[in-house]
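Could you walk me through this structure in my viewer? I would like to know what to select at each stop and what I will find there.

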Amino acid sequence: MTRSTSNATHLRSFTPAVHTVQPVAEHRRAGRHQTRIAREARLEQNGLGGRHLGVGLVFSGGFITLFLVWRFAVQWSSYPNPLPTLAAWILLASASILALASARVLAPQMPRWAFISVLGCGAIVVALDLAGTTGLRGEGVFPTAAAAVGLLLSTLITVQSERSLLIATSALAVTLVTAAFIEPRSDPLTLAPDILILSLALLAPAIGIEIVRAFRRMVQLELDLVLVQSTVSQPRFAVGMLASERLAALDLAAETLLDDVAEGRSPLPLPAATASTAASLATQLRLHLIEGRTETWLYHAVTESEFLGPSVTVDDPDGLAGLLSPSQRDALLLAIWLLISDEARPTATVSLTFGPISPSNRGILHQNVRFPIKLLTKGVPRQKVDPETWHAIRVVGTHLDSVRDGSLRVDIECSVDNPADA
């Protein structure tokens, strides 16, 4: 009888928490869905223009490769034995087909085995080409297929990590430079074509890596901004947009337990172990339900952003950011974003301090609430601030800016609707 009463008590205390947490669980599932989309989009560069970027790199490398093929044809008659270099070009063509096919079929990330296979073919190509051109600089014969290996690497930038490509490119550079300097020369001017070959081999992957790095940063910035901007429509105090895997697991466990009881799969009264599990779930769900109820949309926008989090601090003990209208929220978020997103200012920081509310407004109905927002920056010169930033700040409220120790300070006087009138 005692166990039955205890089980019923646990079940009654458990059931309301489950029903109450459903909106929170659905909200967090939506946040988790957004996060998963962002993560997949960052990996799947093809869906965000990465495929077009890769095609552009392939075509640019192809045109330079045609020049090297033409150079090989021009110096054909000067080879004592052109077969090693010819074999190098044939192997390079095969490796290129393998690389392009792998990049297309196995995108967005080329498997390690395919990349190692391409590198192995490239190493053989370099060895054959250098063997076929050794001692022939005075005859006007220079490596061609070896330089095209660098162009092959540049076509893999969108499907391979930067670190792997930098290591491969560095190894190619060391090999070509060593071969150029140990080559016996009767005329120092023969070093100029070697410098050209070295430049064609190394500049293409180096420039390509920098282009793809800038592209990926741009994509990540835009994705992060879109996700963070979704917080501007939240209530004054709310949970964050990112889902909690723990809460999702608790929600699933609660639904499963209740469904088992409703369908008769779990006998009543509940066994001691099941009742203890139900009580534990109820406690944990209540804790998840009440946590974060004093955090505003701006807190979540900053802490859940990959770019804002490390550079922005918010001091808002009264939750005044939650009183801002949607247009003011959007403008404030955009202003912060523009201040720190410039790649030329990697160490820039922004500090926001809200309040206190002006004394004349306290307890007065039908009157706007006014409070100051102090925006302090470090590493942000005033003359480098984008004009769009000032426009966004004006939407938030009237402002007065000043410069202190070379950094910008903005005092914003913000006016919002009185929440007591709502």
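Here is a short tour, with a sheet, its helices and a surface patch as the stops.

Before you start, keep in mind that this is a predicted model.

**Stop one: the sheet.** Switch to cartoon view and find the open sheet of five strands, which follow the order β1-β2-β3-β5-β4 with mixed pairing. Now select 312–315 and 398–404: these are β1 and β4, the edge strands. Each has a single partner strand, so one side of each is left without a neighbour in the sheet. Looking across the sheet, you will find neighbouring strands turned by 15° against each other on average, with direction ignored.

**Stop two: a strand pair.** Add residues 349–354, which make up β2. β1 and β2 run parallel, joined by four bridges. For one pairing to zoom in on, pick V314 and its bridge partner in β2, L352.

**Stop three: the helices on the sheet.** Select 326–340 to light up helix α11, which lies across β1, β2, β3 (369–378) and β5 (407–416). Relative to β2, α11 runs at about 150°. Next, select 387–396 for helix α12, which packs on the sheet and touches β3, β4 and β5. The direction of α12 makes about 35° with that of β5.

**Stop four: a surface patch.** Finally, turn on the surface and select V55, F59, F63 and L66. Together they form a nonpolar patch with about 450 Å² of accessible area. Is L66 buried or exposed? This residue of helix α2 (50–74) has a relative accessible area of 55%, so L66 counts as exposed, the cut-off being over 50%.

Methods: Residues numbered from 1 in each chain as written. Predicted model: local features only at pLDDT ≥ 70, side-chain atom pairs only at ≥ 80, totals over all residues. Heavy atoms only, no water. Pairing = 2+ DSSP bridges. Helix = DSSP H or I, 4+ residues; strand = E, 2+ residues; numbered from the N terminus. Axes fitted to C-alpha atoms, helices over the stretch in contact; angles between N-to-C directions. Contact = heavy atoms within 4.5 Å. Patch = residues over 30% accessible without salt bridge, like charges linked within 9 Å, V, L, I, M, F, W, Y side chains within 5 Å. Areas by Shrake-Rupley, 256 points an atom, 1.4 Å probe, with all protein chains shown as cover. Salt bridge = Lys/Arg side-chain N within 4 Å of Asp/Glu carboxyl O. Buried < 20%, exposed > 50% of the residue type's maximum accessible area, 1.4 Å probe, protein only.
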